[in-house]
Structure formats: C-alpha cells, structure tokens
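I opened a fresh page for this one and kept a running log of what I looked up. My entries are short, and I hope they are easy to follow.

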Amino acid sequence: TSLTVFYAQQFVNLVYENGAKKIHKSLINERFTGWELNYIQIGKKRYLAFIGTTKDSNGDGYLNKEDQGDFYLYDIDSQEMKVINIPNMEISTYFLMKNNPILILAVKDINRPESHKNETFIYRYNINTGKLEDIIPEEEKKLHLKLIMQ
C-alpha cells in the first residue's frame, strides 16, 4: 500500500485524464471545493482520495475548508466515486495504514459544545470492503463504560 500526496491546497473541481485510455472526465459535476488530494495504491488498485464539500455549511457564501467536509474516494480503474459521510461529523484529515487497506479518518463532532470543540474522534474505513466504523469496537466501548460506571 502507498499514499502519495498530490495537492494539499484547495481546488474547485477535479478532472481525471488518462491519454492512453482516452479518458478526460470531470469527477465532480456540481459546485465543489476539495482539499488534501492524494493518490492511493493498494496492490494493483489505484484511487484518488480527497476531502471536499458541495455545501456551504457555515453560511459564509464560500465553499472552503471552513465548511463540513466529506471524504471522497475515486476508484481510477472502475471509474466509481464513493462519498463517505459521517452524520454530524466533520472529517478533518485522513491517513492510510501501512501495508493495509485501512484509512484512519480524524473527525470532529460539529454539535460539540464550545468547551469541547477541538476534541477529535477516530474512525476507520476499509477501502476493500467499504466498512466504516469507530476505531474502538462496540464491545470495548461497553467494557470501558462498565468500568467507568463501577
């Protein structure tokens, strides 16, 4: 597995082009701003990964990093786009685990009180299976809660 950083700044659209296969394709067909564009390779599978938004969630009239971002994963080979959205959460960044198809997503709860607004939660996303889950399994959360409540 590998992740190659392509472009960390904001971009307003994304066009994929492959001259050998005669592909010239706009990946987002609506008003959009993205950031953290990376190339991921897992075995022979190739992906473009980025965070972005189509919604002005803060109402300032602009689409930018200040808005609630979703995670986008474009499969270069099948030409399919997946959008990973975690309700009431803002995906702030992501990392690829070494030698593993697991992406680690750092997220923030947009409904947290001001005193806890900087708390980060961690989710894992399996690129091969499409499974999204909290980094801490439910069984372990229940055990922690039981220990805390004793």
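**Entry: a loop with an unusual backbone angle**

I started with Lys22, which sits in the loop that joins strand E2 (15-18) to strand E3 (23-26). This is a predicted model, so I read each value below as a property of the prediction. The phi of Lys22 comes out near 55°, a positive value in a residue that is not glycine. I noted this because most residues other than glycine have a negative phi. How buried or exposed is Lys22? Its relative accessibility is 78%, so Lys22 counts as exposed.

**Entry: another positive phi**

Gln79 was my next stop, in the loop between E6 and strand E7 (80-84). Gln79 is not a glycine either, yet its phi is positive, at about 60°. Its relative accessible area is 31%, so I put Gln79 down as partly exposed.

**Entry: the chain as a whole**

I then stepped back to see the overall layout. I found eleven strands and one helix in the protein chain. Which order do the elements follow from the N terminus on? They run β-β-β-β-β-β-β-β-β-β-β-α, with the helix written at the end. I looked up the extent of the C-alpha trace too, and along its principal axes it spans about 65 × 40 × 20 Å. Of the chain's 150 residues, 35% count as buried.

**Entry: salt bridges**

How many salt bridges does a search of the whole structure find? I got four. One of the pairs I wrote down is Lys45 with Asp75, whose closest N and O atoms are 2.8 Å apart. Lys45 belongs to strand E5 (residues 45-53) and Asp75 to strand E6 (residues 70-75), so this pair ties together parts that are 30 residues apart in sequence. I also checked how accessible the two partners are. Asp75 has 11% relative accessibility and therefore counts as buried, while Lys45, with a relative accessible area of 31%, is partly exposed.

Further along the chain I came to Glu133. Its side chain meets that of Arg124 in a salt bridge, at 3.4 Å from N to O. Glu133 also forms a salt bridge with Lys131, and there the closest N and O atoms are 3.7 Å apart. I therefore logged Arg124, Lys131 and Glu133 as a network linked by salt bridges, given that a salt bridge needs a side-chain nitrogen within 4 Å of a carboxyl oxygen. Arg124 is partly exposed at 24% relative accessibility, and Glu133 is partly exposed with a relative accessible area of 31%.

**Entry: the largest pocket**

I asked which residues line the largest pocket. My list reads Glu90, Lys108, Asp109, Ile110, Arg112, Lys117 and Asn118. By type, the lining divides into five charged residues, one polar and one nonpolar. The space in this pocket is about 170 Å³. As a reminder to myself, rolling a probe the size of a water molecule over the atoms shows where empty space is left.

**Entry: a loop residue, Thr120**

Thr120 lies in the loop between strand E9 (102-109) and strand E10 (121-126). I looked up how far the C-alpha atom of Thr120 is from that of Met89, and the separation is 9.9 Å. Along the chain, these two residues are 31 residues apart. With a relative accessible area of 40%, Thr120 is partly exposed.

**Entry: a nonpolar patch**

My last search was for nonpolar residues on the surface. Leu145, Ile148 and Met149 form a patch of this kind, and together they have about 370 Å² of accessible area. Where is Met149 placed? I found Met149 in helix H1 (residues 138-149). Is Met149 buried or exposed? I logged Met149 as exposed because its relative accessibility is 64%, and the cut-off for exposed is over 50%.

Terms used
Residues numbered from 1 in each chain as written. Predicted model: local features only at pLDDT ≥ 70, side-chain atom pairs only at ≥ 80, totals over all residues. Heavy atoms only, no water. 1 Å grid on protein atoms, 1.4 Å probe; cavity = no way out; pocket = protein on both sides within 12 Å on 5 of 7 lines; lining within 4 Å. Points joined across faces, edges and corners; volume = space filled by probe spheres on them. Nonpolar A, V, L, I, M, F, W, Y, C, P; charged D, E, K, R; others polar. Patch = residues over 30% accessible without salt bridge, like charges linked within 9 Å, V, L, I, M, F, W, Y side chains within 5 Å. Areas by Shrake-Rupley, 256 points an atom, 1.4 Å probe, with all protein chains shown as cover. Helix = DSSP H or I, 4+ residues; strand = E, 2+ residues; numbered from the N terminus. Buried < 20%, exposed > 50% of the residue type's maximum accessible area, 1.4 Å probe, protein only.
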